[in-house]
Amino acid sequence: MASPEIEALTQALARLPGLGPRSARRAVLHLLKKRDAALGPLREALTAVDERLENCTTCGNVDTTNPCAICADPRRDQRALCVVEEVADLWALDRSRLFPGRFHVLGGRLSALEGIRPEDLSIDSLVRRIEAGGIDEVVLAMNATLEGQTTAHYIAERIERFPVRVTQLAHGLPVGGELDYLDEGTLAQALRARRPMA
């Protein structure tokens, strides 16, 4: 039986996404075994982030600076804006290094079942950013769910009065995907979005 402090650490780690009780116990045992090499640096990193963590008032990203490193980067294309549901989506797209512009995090997606309305998201601040000018393209990078697509359509309607090109991420067959293993929704989207052979 572990001490209350070790058990509390295990339970705290088990609440993290992707970690269950068994994985959390393994992580705690590793931290205890490699105390100098792992536990100390982890404690210092958590303390530093906790003390400096901020929400970017421009895009909604989380970082240790405000504005965040992405918004403050002068090399970014200020004319292109990619709208995402969550910070995790922003980080995934930014990791790919394929989008050279800036981002806007909504903080979720519209959902009648969960009671999430437009005013619960940062849609108004998105509209103000577009209204301020200087943006030529808005990429709606919503998840390929019913709620994500509903959110994308709502935003498209809200910004249609502005002289910006509104685009959406392509949906359909993944690279390397086999038709036999794909669900019907993905196949249907791939058929609807078909294009001529080059």
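Let's start with a cut-off: a disulfide here is a pair of cysteine sulfur atoms within 2.5 Å. By that rule, this predicted model has zero disulfides.

Take Cys 68. Its nearest cysteine sulfur belongs to Cys 59, and the distance is 3.7 Å. The cut-off is 2.5 Å, so Cys 68 is in no disulfide. Is Cys 68 buried or exposed? Cys 68 counts as buried, because its relative accessibility is 0%.

Now Cys 82. How far is its sulfur from the closest cysteine sulfur? The answer is 11 Å, and the partner in that pair is again Cys 59. That is too far for a bond. Cys 82 has a relative accessible area of 2%, so this residue is buried as well.

On to the fold. The protein chain has eight helices and six strands. Follow the sequence and you read α-α-α-β-β-α-β-α-β-α-β-α-β-α. Three helices come at the start of that pattern, then two strands. After that, helix and strand take turns, and a helix closes the pattern.

Next, overall dimensions. The protein chain has 198 residues and a radius of gyration of 21 Å. What would a compact globule of 198 residues have? Near 16 Å. The C-alpha atoms fill a box of roughly 60 × 45 × 40 Å, taken along the principal axes.

Burial next. Of the 198 residues, 30% count as buried. Cys 68 and Cys 82, from a moment ago, are both buried.

Contacts. Consider those with a separation of 6 or more along the protein chain. Residues 24 or more positions apart account for 47% of them.

Last topic, a pocket. Rolling a probe the size of a water molecule over the atoms shows where empty space is left. I'll take the second largest pocket. Its volume is about 150 Å³. Which elements give two or more residues to its lining? Helix 1, residues 4-14, and helix 3, residues 35-52. Helix 3 supplies the largest share, four residues.

Here is the lining by name. Leu 9, Ala 12, Leu 13 and Leu 16 are in it, and so is Leu 31. Leu 39, Leu 42, Arg 43 and Leu 46 complete the list.

What is the character of that lining, by residue class? Eight residues are nonpolar, none is polar and one is charged. The charged residue is Arg 43.

To recap: zero disulfides, eight helices and six strands, and a second largest pocket of about 150 Å³.

Conventions. Residues are numbered from 1 along each chain as its sequence is written. This is a predicted model: local features need pLDDT of at least 70, side-chain atom pairs count only at pLDDT 80 or more; totals for chains, interfaces and linings use all residues. Side-chain values use heavy atoms; hydrogens and water are left out. Buried means under 20% relative accessible area, exposed over 50%, partly exposed in between (1.4 Å probe, protein chains only). On a 1 Å grid over the protein atoms alone, a cavity is a set of points where a 1.4 Å probe fits but cannot get out, and a pocket is an open set with protein on both sides within 12 Å along at least five of seven lines; lining residues have an atom within 4 Å of a point. Grid points are joined across faces, edges and corners, and a volume is the space filled by probe spheres set on the points. The radius of gyration is taken over C-alpha atoms; the globule rule is 2.2 Å times the number of residues to the power 0.38. Contact means heavy atoms within 4.5 Å.
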